[in-house]
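Student: Please take one part of this protein and go through it closely, together with whatever borders it. I would like the cut-offs behind each term as you go.

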Amino acid sequence: MNILHRPTQNQLLAAIPAAVLERLIPHLELIEMPLGQVLYQADVPIEYVLFPTTSVVSLLYVLENGTSAEIAIVGNEGIIGISLFMGGESTSSQAIVQRAGFGYRLKAEYLKEEFSRAGPFLRLLLRYTQALITQMTQTAVCNRHHSIEQQFCRWLLLSLDRIPVLSINMTQGLIANMLGIRKDKVGGATEKLEKLGIIDYHQGRINVLNRVKLEGRACECYLVVKQEYQRLLNDMHQTPSSDQLASDNMTKPDSEQLKDHPLPLQTRH
């Protein structure tokens with residue numbers, strides 16, 4: 001099935017100079033990312049990086065007994081597979097699709113080739129990685145020091161930031177796995193928020209009725225993560241300087257056309 005999608009629906013791909021995007025376009029493959037799909041396993045070499053566009057991915061740490069806890073959420077603001085350009089080739093975590101959608105994947109060799117140019121793509125990915133590390137460390141602090149309700153609110157807000165609607169399809173069991181807590185604890189948190197008129201939860205679907213109040217119930221961890229992403233990445237969409245354009249041998253008319261028009265690609269599972 002042919003569907004029109006834009007690589008620039010991913011904010012990182014939208015932020016790189018158009019000449020860099022032009023080099024990557026032939027190697028970007030549009031893929032469908034169904035709910036629950038495991039994108040990579042712990043300690044297994046990663047062959048691709050993925051740029052989500054309409055999907056949301058959870059990074060999980062799985063213990064020997066099978067229990068797990070989410071350490072970060074990645075959506076259209078980011079990239080899956082940072083260990084490839086950080087030099088590790090694999091990671092101790094697992095990536096699983098939390099919200100079905102689409103994304104683009106890029107083979108490791110093409111990512112490394114562009115990264116080795118030590119240009120704007122490298123700088124952008126390093127800044128994104130710093131923001132992702134902030135999310136991971138703040139999640140660890142939150143899980144240790146804040147209430148289940150606060151953790152749930154933080155998780156829900158971070159998820160909502162990465163989708164265009166105020167609803168999420170997620171069972172209490174899956175939420176419990178994400179947060180590394182018991183299912184009944186999740187039930188207690190959702191019931192309290194329902195009574196306050198903040199959310200409506202029915203048959204695995206969470207509808208947020210009052211986002212302002214939801215933010216008020218969350219701990220400071222949510223804002224710490226959000227503000228760090230904004231601090232590091234808020235100028236991603238600024239126009240490249242003339243020096244950058246020259247160094248990339250950029251021809252602006254062709255490059256701008258790449259960013260402004262959708263690309264018909266064959267979707268693959």
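Tutor: What follows starts with the whole chain, then goes to helix 5 and its neighbours, and ends with the strands.

The model is predicted: local features need pLDDT of at least 70 and side-chain atom pairs count only at pLDDT 80 or more, while totals for chains, interfaces and linings use all residues. Residues are numbered from 1 along each chain as its sequence is written, and side-chain values use heavy atoms, with hydrogens and water left out.

The protein has twelve helices and twelve strands; these are DSSP runs numbered from the N terminus, with H or I over at least four residues for a helix and E over at least two for a strand. Of its 269 residues, 49% are buried, where buried means under 20% relative accessible area, exposed means over 50% and partly exposed lies in between (1.4 Å probe, protein chains only). Among contacts with a separation of 6 or more, 77% join residues 24 or more positions apart; a contact means heavy atoms within 4.5 Å.

Helix 5 covers residues 120–145. Two packed helices are described by the angle and the distance between their axes. Here the axes are lines fitted to C-alpha atoms, for helices over the stretch in contact, and angles run from 0 to 180 degrees between N-to-C directions.

Take helix 4 (residues 108–115) as a partner: its axis comes within 8 Å of that of helix 5, and the two cross at roughly 105°. Helix 4 and helix 5 are therefore roughly perpendicular (65 to 115 degrees; under 35 is roughly parallel, over 145 roughly antiparallel, the rest oblique). Leu-111, Glu-114 and Phe-115 of helix 4 meet Phe-121, Leu-122, Leu-125 and Leu-126 of helix 5. That contact has six nonpolar residues, no polar ones and one charged. Nonpolar covers Ala, Val, Leu, Ile, Met, Phe, Trp, Tyr, Cys and Pro; charged covers Asp, Glu, Lys and Arg; the others, Gly among them, are polar.

With helix 6 (residues 148–160), the axis of helix 5 comes within 10 Å and the crossing is at roughly 155°, so helix 5 and helix 6 are roughly antiparallel. The crossing is left-handed, meaning that the near helix is turned anticlockwise from the far one by less than a right angle (clockwise would be right-handed). Helix 5 supplies Gln-135, Thr-139, Cys-142 and Asn-143, and helix 6 supplies Gln-151, Arg-154 and Leu-158. By class, this contact has two nonpolar, four polar and one charged residues.

Ala-131 has a C-alpha 8.9 Å from that of Arg-231, although the two are 100 residues apart in sequence. Arg-231 sits in helix 10 (residues 221–233) and is partly exposed, at 48% relative accessible area.

Helix 4 also lies across strand 4 and strand 8, at about 70° to strand 8. Those strands belong to an open three-stranded sheet with the order 2-8-4 and antiparallel pairing; two strands pair if DSSP finds at least two bridges between them. Strand 2 (29–33) and strand 4 (48–52) are the edges. Neighbouring strands are turned by 40° on average, direction ignored. Five bridges link strand 4 to strand 8 (residues 101–107), with Val-49 opposite Leu-106.

Strand 7 (residues 94–99) has five of its six residues buried, so it is largely enclosed by the rest of the structure. Antiparallel to strand 7 runs strand 5 (residues 56–62), over five bridges, Val-56 being the partner of Arg-99. Strand 3 (residues 38–40) is antiparallel to strand 7 too, through two bridges, and Val-38 stands opposite Ile-96.
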